[in-house]
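Me: I am new to this structure and should like to understand the terms used to describe it. Please explain each term and then apply it.

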Amino acid sequence: MRYLNSITPRQLSTLWWTERWVRYLVFLLFPVGIIDAVYTITITWQLGPEVEFNPIARYLIAADLWLPWALLDIIGFALFSMLAGSYYLHSRKTYGGPDTTWITAIISLRVAMTTYNVTYYHIPFFIAVYPPFWTSTFMFALTYFGIGRLLNRTSDISRQSIRQYFRTRIDNIKDRRLISAATRHSSATQTTGSGEALVTQKRKVATLDDLSLPKTPWSRRIAYLTMAALTIVSMVMVLEVVGVATGLFTFREQYHIVFINTLVGRGLVASLVVVLFFMAISMYMIFKAFESPTDLPT
């Protein structure tokens, strides 16, 4: 916020409209406030105002002033998005570059809170996994990274720059594939004259490798990612068995508020072990999928 005193009120309220991509970004943030207000009101109507963490929102909803609060919530975040866009355009022209860390953190926190309310309304509790916490944490990290990258730019985004970016990425992929193919061809040519026995042995080894996974790097990546997805599906099936065997499903039907006691401790520990085991396998598959082509077996 070190450049806030150097921007005029007029610039703070209108500068965000001058650049097209910043204007679109501000418009894309408007629905966040609308979704948050709708789900907050719906949850408090069903479970009571006590489930709301914000004391001001809890007081207004309990006093049947949900409409003024919803309008304040939606309009307030919309105005903040406009001011944030204007401050970004102002601060990126300074010597130190864009000063948007605090803006990115506030936007990410707001997106995470909205994600928490949406997830809590649909799937508040599932065995040992608590979706509202994990989904909100994931969205906070994803938004902080994505918005942070955008609000750290010192140049504008255009259609031409987007096309150039993807064209460069595609050309880099093609170049890596050509280099990899040339390297394999060169290695095969050098080993041709080393003896027929050695060639036969290498052909046998290559045949065994081809039986385990496809030959191309992208085919291997798809295979590993498919196995990672199947691991997650298997984890859900095993968690259902654990939930039935330990009585967690019955406990969830009787008590809608999540808390830990001696009745669910054994099931929670067993579920946590299952989640960690399958997540470790899934992460291993993902790491194997994104190894560099030179690290993959040929």
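Reply: An axis here is a line fitted to C-alpha atoms, for helices over the stretch in contact, and angles run from 0 to 180 degrees between N-to-C directions. The model is a predicted one, in which local features need pLDDT of at least 70 and side-chain atom pairs count only at pLDDT 80 or more, while totals for chains, interfaces and linings use all residues. Residues are numbered from 1 along each chain as its sequence is written, and side-chain values use heavy atoms, with hydrogens and water left out.

Me: What makes a stretch of the chain a helix, and how many helices are there?
Reply: Helices (H or I, at least four residues) and strands (E, at least two) are DSSP runs, numbered from the N terminus. By that rule the chain has eleven helices and zero strands. Its pattern along the sequence is α-α-α-α-α-α-α-α-α-α-α.

Me: Why are helix 2 and helix 5 called oblique to each other?
Reply: Angles under 35 degrees count as roughly parallel, over 145 as roughly antiparallel, 65 to 115 as roughly perpendicular and the rest as oblique. The axes of helix 2 (residues 20-47) and helix 5 (residues 101-122) come within 9 Å and cross at roughly 40°. Helix 2 and helix 5 are therefore oblique.

Me: Why is helix 5 called roughly antiparallel to helix 6?
Reply: The axes of helix 5 and helix 6 (residues 131-150) come within 8 Å and cross at roughly 150°. Because the limit for this class is over 145 degrees, helix 5 is roughly antiparallel to helix 6.

Me: Which of the two crossings is left-handed or right-handed?
Reply: A crossing is left-handed if the near helix is turned anticlockwise from the far one by less than a right angle, and right-handed if clockwise. Helix 2 passes helix 5 in a left-handed crossing, and helix 5 passes helix 6 in a right-handed one.

Me: What makes a pair of side chains a salt bridge, and how many are counted?
Reply: A salt bridge is a side-chain nitrogen of Lys or Arg within 4 Å of a carboxyl oxygen of Asp or Glu. Side chains of opposite charge can pair when their charged atoms come close. The count by this rule is three salt bridges.

Me: How do you know that R110 and D36 form a salt bridge?
Reply: The N to O distance between R110 and D36 is 3.3 Å, and the limit is within 4 Å. This pair links distant parts of the chain, with R110 in helix 5 and D36 in helix 2, 74 residues apart.

Me: What other partner does R110 have?
Reply: R110 also forms a salt bridge with D73, with the closest N and O atoms 2.5 Å apart. Here R110 in helix 5 is linked to D73 in helix 4, 37 residues apart. D36, D73 and R110 are thus linked in a network of salt bridges.

Me: Are the members of this network buried or exposed?
Reply: Buried means under 20% relative accessible area, exposed over 50%, and partly exposed in between (1.4 Å probe, protein chains only). R110 and D36 are both buried, and D73 is buried as well. In the chain of 298 residues, buried residues make up 31%.

Me: Why do R92 and D156 fall into separate classes of exposure?
Reply: R92 has a relative accessible area of 12%, so R92 is buried. D156 has 32% relative accessibility and therefore counts as partly exposed. R92 and D156 form a salt bridge, with the closest N and O atoms 2.5 Å apart. R92 is in the loop between helix 4 and helix 5, and D156 is in the loop between helix 6 and helix 7 (159-190), 64 residues apart.

Me: Why is T115 called buried?
Reply: T115 has 17% relative accessibility, so T115 counts as buried. T115 is in helix 5, and its C-alpha atom is separated by 6.7 Å from that of T135, 20 residues apart along the chain.

Me: Why is D64 called exposed?
Reply: The relative accessible area of D64 is 58%, so D64 is exposed. D64 lies in the loop between helix 3 (55-62) and helix 4. Its phi is near 65°, a positive value in a residue other than glycine.
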